[in-house]
Amino acid sequence: MSQRIGEQRSPGFWPLATVFALFVLFLYGPMITIFVLSFQGPEGGLTFPLRGVSLHWFYKLAEGLGTVDIGAAFRRSLALGAVVMAFTVVLSVLAGLAFRKKLAGSNALFFVTVASLIMPSIIISLGIGLQFRLIDTGIKSVLTAMDATTLLEGYGTALGLFSSALGAHLTWTLPFGLLIMFAVFNRFNPAYEEAARDLGATPWQTFRFVVLPLIGPSIVGIGMFGFTLSWDEIARTSQAIGDVNTLPLELQGLTSTVTTPSIYALGTVTTVVSLLVMAVALGSAALLRRRAVRPR
């Protein structure tokens, strides 16, 4: 049987298979290289050949990298990613429900929403940073006019992890969430909702017991996108976060100062977190699909 299938392959199969294999190697080769080099022994360097195999550089990473507080940056990135994920899910679902009905100016609103995907990320970051500095100027002017000296001295900046940085990340994650929800609701059969209403269900009950279970896997996917896109975002964060750094920004700064495989160990840890989030998301989506088709 395998021989017969092999004989049916077109002459272009092997060249295309070779191109695909090279593409996969190009795509995942750098990540695999970082993984391998992060498990070197104490004498390991930043390049091949591999010198021993151990967890030495992970222990060094846990001890800290100079004056950089990796643990604090890690926690900040986790917290910001979780908040961005929650906002992305909630706002995307609400927008998807709203766009199911005809809205005045809906086309213009849609294009405005997704326009940030085609804007250079660094420009968006600079714009948000300037906007919040204008807010700082306005607040300080008001405090000065009110002669609130104590508040003025204690005021720092409106730039921060859950203000300007959160907004910058949402300009990146929300368009993806909206596009997913629009695609889901475009093929959603409203007959399920009509059947629920015929049986006396309220709008909330219809959404909770009919719509939500059906779109649940897609919501999990939006959450995964929201977290992972926020987790490794650099450009949109760089000018809009204020006086603290997320883990990707710290990692970017360390590339010019750290000359040991500790930086590879940090890259491995951050990648593993992303892979765990993806695994949880895929598992949750599969579980929701199984529950949706299970006979009651």
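## The main nonpolar core

A nonpolar core is a set of buried Ala, Val, Leu, Ile, Met, Phe, Trp, Tyr and Cys residues joined through side-chain atoms within 4.5 Å. In this structure, which is a predicted model, the largest such core has 22 residues, and those with the most contacts inside it are L61, L65, I70, L247, L254 and L266. At least two residues of the core are supplied by each of α3 (56–63), α4 (70–98), α10 (203–231), α12 (247–254) and α13 (262–293). Of these helices, α13 gives the largest share, with eight residues.

When residues up to four places away in sequence are set aside, L266 touches L61, I70, L247, L251 and L254. Apart from this core lies another, of 11 residues, among them F188, F207, V211 and I215. As a general background, nonpolar side chains tend to be buried together in soluble globular proteins.

## Packing of α4 against α10 and α12

The axes of α4 and α10 lie 8 Å apart, and the two helices pack at an angle of about 140°. An angle over 145 degrees would count as roughly antiparallel, and α4 and α10 are therefore oblique to each other. The crossing in which α4 passes α10 is right-handed. Sorted by class, the contact of α4 with α10 has 14 nonpolar and seven polar residues, and no charged residues.

For α4 and α12, the packing angle is likewise given as about 140°, with the axes 8 Å apart, and this pair is therefore also oblique. On the α4 side the contact is made by I70, A73, F74, R76 and S77, and on the α12 side by L247, P248, E250 and L254. The residues of the contact of α4 with α12 divide into six nonpolar, one polar and two charged. Two of the residues named in this contact on the α12 side, L247 and L254, are also listed with the most contacts inside the largest core.

## F74 in helix α4

F74 is found in helix α4, where its relative accessible area of 24% makes it partly exposed, since buried would require a value under 20%. Not counting residues up to four places away in sequence, F74 touches W231, L247, V269 and V273. Along the chain F74 and T246 are 172 residues apart, yet their C-alpha atoms are separated by 6.9 Å.

## Packing of α9 against α10

Helix α9 (residues 191–198) packs against α10 at an angle of about 160°, with the axes 10 Å apart. The two helices are therefore roughly antiparallel to each other, and α9 passes α10 in a right-handed crossing. The contact is made by Y192, E193, A196 and R197 of α9 together with T206, V210, V211 and L214 of α10. By class, the residues of the contact of α9 with α10 divide into five nonpolar, one polar and two charged. V211, one of the α10 residues in this contact, is also among the residues of the 11-residue core.

## Backbone features in two loops

Most residues other than glycine have a negative phi, and most peptide bonds are trans. Against that background, a cis peptide bond joins F48 and P49, with omega of about 10°. P49 lies in the loop between α2 (13–38) and α3.

The second case is D147, whose phi is near 60°, a positive value in a residue other than glycine. D147 has its place in the loop between α6 (121–145) and α7 (149–154), and with a relative accessibility of 62% it counts as exposed.

## L179 and V280

L179 is placed in helix α8 (residues 164–186), and at 36% relative accessibility L179 counts as partly exposed. Leaving out residues up to four places away in sequence, L179 touches F110, V114 and L117. The C-alpha atoms of L179 and L103 are 17 Å apart in space, with their positions 76 residues apart in sequence counted as separation.

V280 lies in helix α13, the helix that supplies the largest share of the main core, but V280 itself counts as exposed at 55% relative accessibility. From C-alpha to C-alpha, V280 and L126 are 34 Å apart in space, and in sequence they are 154 residues apart.

How values were computed: Residues numbered from 1 in each chain as written. Predicted model: local features only at pLDDT ≥ 70, side-chain atom pairs only at ≥ 80, totals over all residues. Heavy atoms only, no water. Buried < 20%, exposed > 50% of the residue type's maximum accessible area, 1.4 Å probe, protein only. Helix = DSSP H or I, 4+ residues; strand = E, 2+ residues; numbered from the N terminus. Contact = heavy atoms within 4.5 Å. Axes fitted to C-alpha atoms, helices over the stretch in contact; angles between N-to-C directions. Parallel < 35°, antiparallel > 145°, perpendicular 65-115°, else oblique. Left-handed = near helix turned anticlockwise from the far one by under 90°. Nonpolar A, V, L, I, M, F, W, Y, C, P; charged D, E, K, R; others polar.
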